[in-house]
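User: I'm new to reading protein models. Could you walk me through one, feature by feature?

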Amino acid sequence: EVEDMREATDGTVVRMRALIERKDTDNARLQRTLQIFLNHCFKAQCRYCGREVETRSASSHVPACMARRGLSGYQLLIDTPPCLEWRIEVEGTATRSCDGQKKTVYLISARRGEMPNVCVSRRYRDLVKLHSQLKQRLTRIRVPEFKPLRGTTAGLFSASEDLILQRRRQIAVFLRQLLQLSVVADSPEMHLFLHSAELDHVDTHALTPNRETPNRQSETRGVG
């Protein structure tokens, strides 16, 4: 029995050594493939300055970029630094009357880290304008795309429910992409968009919440 156990143990050791050797070979192949990919095929967008950076130089660019902004935690492998954590939702829509026509506004809720929540209402054209302003001023970075969704000719003056839903989803994705870039999140254009009462198009006396959203009349002004 002892001899059988010894043979079994020796056989297990041999199999483990062979497995480790194969894994080492596979790892070496994967590392070489990754290095070739990083050196020749890939650029990343720095979330702090918004510029495209060669991945092989990211280890020197990102710490320097963070240091210029007074940020730390480069070595922490987390998805989003706490100081840059944004939560943003398009919670619904509302309708207001203007010159005898009904206009749709989108109710946007945004929060950065532990800061107070901000709730604003914005027309769809405000998003188009924001994208245009950022593209014009931040010429050295890749601003996320925002292609306006147009309605049919028959609904030229009033967006359909399907179009409004598509726009809600598009707005949420677009704002989340923007706020992942520190240089955009801290820009005067974004600050104006999220905080300025001058952009708030909702007259609370003439506000009619749409069917798919609860009444949020008290939350359509910027707070915090």
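Analyst: Sure, let's go from the overall fold to rings, charges and cysteines. Keep in mind that this is a predicted model.

User: Okay, which helices and strands come in what order from the N terminus on?

Analyst: A good habit is to count the elements, then read them along the chain. The protein has 6 helices and 6 strands. Starting at the N terminus, the order is α-β-β-α-β-β-β-α-α-α-α-β.

User: And how much of the protein is buried?

Analyst: Of its 224 residues, 34% are buried. You can also look at the surface: about 14,800 Å² is exposed, and carbon and sulfur atoms supply 52% of that.

User: What about contacts in the protein between residues that are 24 or more positions apart?

Analyst: Take the contacts with a separation of 6 or more: residues at least 24 positions apart make up 57% of them.

User: Now the rings. How many aromatic pairs are there?

Analyst: For these, you check how far apart the ring centres are and how the planes are angled. The count here is 3 aromatic pairs. One of them joins Tyr106 and Tyr124, which are tilted, at 6.4 Å centre to centre with 55 degrees between the planes. Tyr106 belongs to strand 4 and Tyr124 to helix 3, so this pair ties together parts 18 residues apart in sequence. Both Tyr106 and Tyr124 are buried.

Another tilted pair is Phe146 with Phe174, at 4.6 Å between centres and 40 degrees between planes. Phe146 sits in the loop between helix 3 and helix 4, while Phe174 is in helix 4, 28 residues apart. Phe146 and Phe174 are buried too. Ring pairs link Tyr106, Tyr124, Phe146 and Phe174 into a cluster.

User: Which ring does the charged end of Arg167 sit over?

Analyst: Here you look for a charged end above the face of a ring. For Arg167, that ring belongs to Tyr124, with the charged end 4.0 Å from its centre. Arg122 has its charged end over the ring of Phe193, 5.5 Å from the centre.

User: Last one: why is there no bond between the sulfur of Cys46 and that of Cys49?

Analyst: With cysteines, look at the sulfur-to-sulfur distance. The cut-off for a disulfide is 2.5 Å. Cys49 holds the closest cysteine sulfur to that of Cys46, but it is 3.8 Å away, so it is too far for a bond. Cys65 is in no disulfide either, as its nearest cysteine sulfur, in Cys46, is 3.9 Å away. The disulfide count is 0. Cys46 is buried at 5% relative accessibility, and Cys65 is buried at 0%.

Notes:
Residues numbered from 1 in each chain as written. Predicted model: local features only at pLDDT ≥ 70, side-chain atom pairs only at ≥ 80, totals over all residues. Heavy atoms only, no water. Helix = DSSP H or I, 4+ residues; strand = E, 2+ residues; numbered from the N terminus. Buried < 20%, exposed > 50% of the residue type's maximum accessible area, 1.4 Å probe, protein only. Contact = heavy atoms within 4.5 Å. Areas by Shrake-Rupley, 256 points an atom, 1.4 Å probe, with all protein chains shown as cover. Phe/Tyr/Trp six-rings, centres within 6.5 Å; stacked < 30°, edge-to-face > 60°. Lys NZ or Arg CZ within 6 Å of the ring centre and 35° of its normal.
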